[in-house]
Amino acid sequence: MKQTVRNIIIFAVAMVILGAILATTSLDTTKTTDIATLASDVQKGNVTNLVVSGDVIEATYKDGSKAKAEKEPGDSISTIFKNYGVDADRMLAIPTEIKEASGFNYWASLLLPNILTILLLIGIMWFFFRQVQGQNNKALSFGQGAGHEISKDAKDKVMFKDVAGVREAKHELMEIVEFLKTPEKFSSFGAKIPKGVLLMGAPGTGKTLLAKAVAGEAGVPFYFMSGSEFVEMFVGVGASRVRDLFARAKKNAPCIVFVDEIDAVGRQRGSGLGGSHDEREQTLNQILVEMDGFEPNAGVIMIAATNRPDVLDPALLRPGRFDRRIMLDPPDIDDREAILKIHGKHKPLSKGVSLRKLAERTPGFSGADLMNLMNEAAILAVRRGKTSISEDELLESIEKVMLGPERRSRVMNENERKITAFHEVGHALIAHMLPHADPVQKISIISRGRAAGYTIKTPTEDRHMRAREEYVEDLSVMLGGYAAEQIVFGDITTGASSDMRSATQLAKDMVMQWGMSAALGPRVYGEREDMIFLGRNIHENRDYSEKIAEKIDNEIDKLITEALERAKQIINDNRSAMNKVSEVLMEKETLERDAFLAAIEIPSANPANRPDNT
Ligand code: ADP
Ligand code: MG
Ligand code: ZN
């Protein structure tokens, strides 16, 4: 659009300049008069000479001055002068030169205005035509723009060393790199290289980054495309883009075609009620056709990434297509330290900053979260005018990434502050008193994001499997805020609503998904099916009877009621400790782990939560 506006401006300026030039060249000293005046001057004998070129008569006077007049086209000069009453002998006495009306000037003066008008019209038409065509192009021959090629000699290319952790994935992808570098080595042994590699992992685990690193290591062209780009308004556009993308890739083999977020097109066919349903299906079919079409050793390797492998169409996962599937795990503590190191490389960290400690404090953070953390800390340090990034900024950024920015401006009245304090201490107290709950790291009554206050508990180690008892205790911790409000104030505020929601979800998962209810046995209830309908993603297919549904309800109820009772019991047994901690919290607003332990005085039931154990 900007381009066309510029074109118009250039065009207009050119026209104005041309016009100005013409105007100055046609400006000569001859003054113009009308034919009647000229005729009377001839009759009076003032005119010594006449030159007729076409319809323009130029007269030279006795005093040497000149004048121009225009006559009616068609009539000869003698006829006209006769009509104006000029005597015939007067006319004959004046030498009259009739110039051929074909001089350049004549034609130019006659045609130029018309030519200019026509040119202008053509220009305007061309401009509009091009616009319309541009739109048509987009709609009908889209292909050309499909996919972005990332040059193999790009300066900021990513290498494996820029990706921390994900050891297994890197190892698998090494093989792909080897193949792209020396395909002969493999084909001479008759080895077939996988056509497609599917990277699976939670958002921010580095799928996109890793795919770029493969291209960087192999030094081959890298065609990048996001699944959502395929899905357009018109049916058939996506399929055509796929065709074009593969055509270009094959021409430039060996190379990598990377389709990010493939679940946008590769969802199970036949499910979903969205409008672009047909379109997705056609696009997916085209991808399958292309993948089947190229020979195993053609040198085109397709890498796709998704964070929803569960919704992918089974056809994509069949042998010969994405037969290599690589899971990217969330980073463990060593990985987190390594990722922090990578993203802290070009940042001035204060001496003594321990990235290990930071890694300990950030279980559950993805690679993207950690990058974000480092960035926030750097911004914070700059804003504070520091010369380097100290631990303060890093620790503060953990919470910012986790919970959103602090909202000190949100004004709480004294009563709200008191309720929030007791609510948060409720969570903290239960976590402190239960043997398997995560130790309390920090409590605060400063609003963050949408929460009025918060309590941070972090597991002492990364855990992949958890036992039923741990979840039961988690439920009590979640309901600790609710229990505290009920006991202390005899009433409940809306502040507990999100706690209730997460507790209900956890209880539901325990009963229906994880077989943790004795009454219902080791069975999964409710098959989850992916459906996009009015923005709701998960639809549960009821595969059980009314009777079972009632049982499920009862079991969920029981879990929650028991957890709440347990929380209330703990609070009632430790009322004085709770009051004391709440008072300190209201005064200080934020309590770090040590301050909390000092205030509560009771030793924790969790050995990991004792002060001597850090
Ligand atoms: P995904 O595609 O899995 O959602 P990205 O690859 O886009 O995640 O990751 C986003 C950013 O997070 C990356 O650009 C990188 O800076 C950082 N990041 C994620 N994982 C890692 C990792 N393992 N090592 C280093 N940086 C990482
Ligand atoms: Mg990505
Ligand atoms: Zn709460």
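Phe258 is buried, at a relative accessible area of 0%. That value, like every other here, comes from a predicted model. Phe258 makes a good starting point for a walk through the aromatic pairs.

The count of aromatic pairs comes to five. One of them joins Phe222 and Phe258: the ring centres are 5.8 Å apart and the planes meet at 25°. Planes under 30 degrees apart count as stacked, so this pair is stacked. The two residues come from distant parts of the chain. Phe222 belongs to strand S8, residues 222-226. Phe258 belongs to strand S9, residues 255-260. The separation along the chain is 36 residues. Phe222 has a relative accessibility of 2%. The limit for buried is under 20%, so Phe222 counts as buried too.

The Phe222 and Phe258 rings also belong to a cluster. Ring pairs link Phe222, Phe224 and Phe258. What sits over the ring of Phe224? It is the charged end of Lys212, 5.7 Å from the ring centre. Phe224 thus has a part in the ring cluster and also carries a lysine charge over its ring.

Buried rings turn up again at Tyr525, where the relative accessible area is 3%. Its partner is Tyr544, with ring centres 5.9 Å apart and planes at 80°. An angle over 60 degrees counts as edge-to-face, so that is the label for this pair. Here too, distant parts of the chain are linked, 19 residues apart. Both tyrosines lie in loops. Tyr525 is in the loop between helix H19 (497-512) and strand S14 (527-533). Tyr544 is in the loop between strand S15 (536-541) and helix H20 (546-573). Is Tyr544 buried or exposed? At 18% relative accessibility, Tyr544 counts as buried.

Now to a sheet. Three strands form an open sheet with antiparallel pairing, in the order S13-S12-S16. Why is one side of S13 and of S16 left without a neighbour in the sheet? Strand S13 (454-457) and strand S16 (590-592) stand at the edges, and each has a single partner strand, so one side of each stays unpaired in the sheet. From one strand to the next, the twist averages 10°.

The contact between S12 and S16 can be followed residue by residue. Strand S12 covers residues 440-444, and three bridges join this strand to S16. The two run antiparallel. Within this pairing, Lys442 stands opposite Glu592 in S16.

Notes
Residues numbered from 1 in each chain as written. Chains lettered and ligands numbered in written order. Predicted model: local features only at pLDDT ≥ 70, side-chain atom pairs only at ≥ 80, totals over all residues. Heavy atoms only, no water. Phe/Tyr/Trp six-rings, centres within 6.5 Å; stacked < 30°, edge-to-face > 60°. Helix = DSSP H or I, 4+ residues; strand = E, 2+ residues; numbered from the N terminus. Buried < 20%, exposed > 50% of the residue type's maximum accessible area, 1.4 Å probe, protein only. Lys NZ or Arg CZ within 6 Å of the ring centre and 35° of its normal. Pairing = 2+ DSSP bridges. Axes fitted to C-alpha atoms, helices over the stretch in contact; angles between N-to-C directions.
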